[in-house]
Structures are given as C-alpha cells and as structure tokens.
Amino acid sequence: GSGVSLIQPLLDNQVAFNNQPEANYVAYTVEETVDLIKDAFTSAGERDIFTGDSVDIFVITAAGVAQESFALKKD
C-alpha cells in the first residue's frame, strides 16, 4: 500500500545494508525480525494516514505458522 515508500528504505538499510559497503550480513532471530517489522509499520503508521490501524504478522517456520495481530493506532 501507500506505506511501502516509508517501509522499503528502512528494510533496505537494516536487512540488505544497501549503501553500507562495510556492513556485514546479520542473521536476525525470529523475534528480532518481528520487532523490526513492528517498528517499520509503526513508523509508517505515524507518517502515512492511509496506513491501516493494525498489521497481521505471519511467521512461517519448519514448526508451522504463527500469526500475530499488532495494533498500530490506538485512537
């Protein structure tokens, strides 16, 4: 949606390390990844009025699928 222009640069920087030639690959844990996604959507929700009120996060692992709903706006 409209929040992609806010979220994509953050993920490019924190996951792909674009424009950071000295950066090394980081293996994020599942919890760190979910926290990063929550931060990214929270940031987009604060800056973009068209970003919804919540996000559903699905974590897919060999053990199965876990789903979590995360509220972005509490007003």
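## A two-helix, two-strand chain and its charges

Let's start with glutamate 32, which is partly exposed at a relative accessible area of 39%. Keep in mind from here on that the model is predicted. Glutamate 32 sits in helix H2, which covers residues 30-47. Glutamate 32 also has company of like charge: Glu31, Glu32, Asp35 and Asp39 make up a negative patch on the surface. Why can glutamate 32 be part of such a patch? Patch members need over 30% relative accessible area and no salt bridge, and glutamate 32, with its 39%, clears that area cut-off.

**The overall layout**

Now for the wider view. The chain has two helices and two strands, and going along the sequence they come in the order α-α-β-β. The C-alpha trace extends about 40 × 35 × 15 Å along its principal axes. Buried residues make up 19% of the 75 in the chain. As for contacts with a separation of 6 or more, 38% of them join residues 24 or more positions apart.

About 5,600 Å² of the chain is exposed, and 55% of that comes from carbon and sulfur atoms. On the charge side, there are 4 positive and 12 negative charges, and their mean positions lie 7 Å apart.

**Charges that pair up**

Here's a general point before the details: side chains of opposite charge can pair when their charged atoms come close. How many salt bridges does the count come to? The answer is two. In one of them, lysine 38 meets glutamate 68, side chain to side chain, at 2.7 Å from N to O. Glutamate 68 belongs to strand E2 (residues 64-71) and lysine 38 to helix H2, so this pair links parts of the chain that are 30 residues apart in sequence.

Then there's the bridge between the side chains of glutamate 46 and arginine 47, with an N to O distance of 3.7 Å. Here is how accessible the partners in these bridges are:

| Residue | Relative accessible area | Class |
|---|---|---|
| Lysine 38 | 16% | buried |
| Glutamate 68 | 30% | partly exposed |
| Glutamate 46 | 61% | exposed |
| Arginine 47 | 57% | exposed |

Is lysine 38 buried or exposed? Lysine 38 is buried, because its 16% relative accessible area falls under the 20% cut-off. Looking past neighbours within four places in sequence, lysine 38 is in contact with Ile57, Glu68 and Phe70. Glu68 in that list is also the salt-bridge partner of lysine 38.

**Where the ends of the sequence come together**

Next up is threonine 51, in the loop that runs between H2 and strand E1 (54-61). Threonine 51 counts as buried, with a relative accessibility of 11%. Which residues does threonine 51 touch, not counting those up to four places away in sequence? They are Ser2, Gly3, Ala44, Gly45, Leu72 and Lys73.

Glycine 1 belongs to this picture too. Glycine 1 lies in the segment before H1 and is exposed, with a relative accessible area of 97%. Although 50 residues along the chain separate glycine 1 from threonine 51, their C-alpha atoms are 7.5 Å apart.

**Leucine 11, between the helices**

Over in helix H1 there's leucine 11, which counts as partly exposed at 21% relative accessibility. Leaving out neighbours within four places in sequence, the contacts of leucine 11 are Ala16, Leu36 and Ile37. Isoleucine 37 is 26 residues away from leucine 11 in sequence, yet the C-alpha to C-alpha distance is 8.6 Å.

**A nonpolar patch**

Last stop: the nonpolar side of the surface. Which residues form a nonpolar patch there? Val15, Val26 and Tyr28 do, with about 220 Å² of accessible area together. Tyrosine 28 is in the loop between helix H1 (4-14) and H2. With a relative accessible area of 31%, tyrosine 28 is partly exposed. That 31% is over the 30% required of patch members, so tyrosine 28 passes on area.

Conventions:
Residues numbered from 1 in each chain as written. Predicted model: local features only at pLDDT ≥ 70, side-chain atom pairs only at ≥ 80, totals over all residues. Heavy atoms only, no water. Patch = residues over 30% accessible without salt bridge, like charges linked within 9 Å, V, L, I, M, F, W, Y side chains within 5 Å. Areas by Shrake-Rupley, 256 points an atom, 1.4 Å probe, with all protein chains shown as cover. Salt bridge = Lys/Arg side-chain N within 4 Å of Asp/Glu carboxyl O. Lys, Arg positive; Asp, Glu negative; His and termini not counted. Charge placed at Lys NZ, Arg CZ, Asp CG, Glu CD. Helix = DSSP H or I, 4+ residues; strand = E, 2+ residues; numbered from the N terminus. Buried < 20%, exposed > 50% of the residue type's maximum accessible area, 1.4 Å probe, protein only. Contact = heavy atoms within 4.5 Å.
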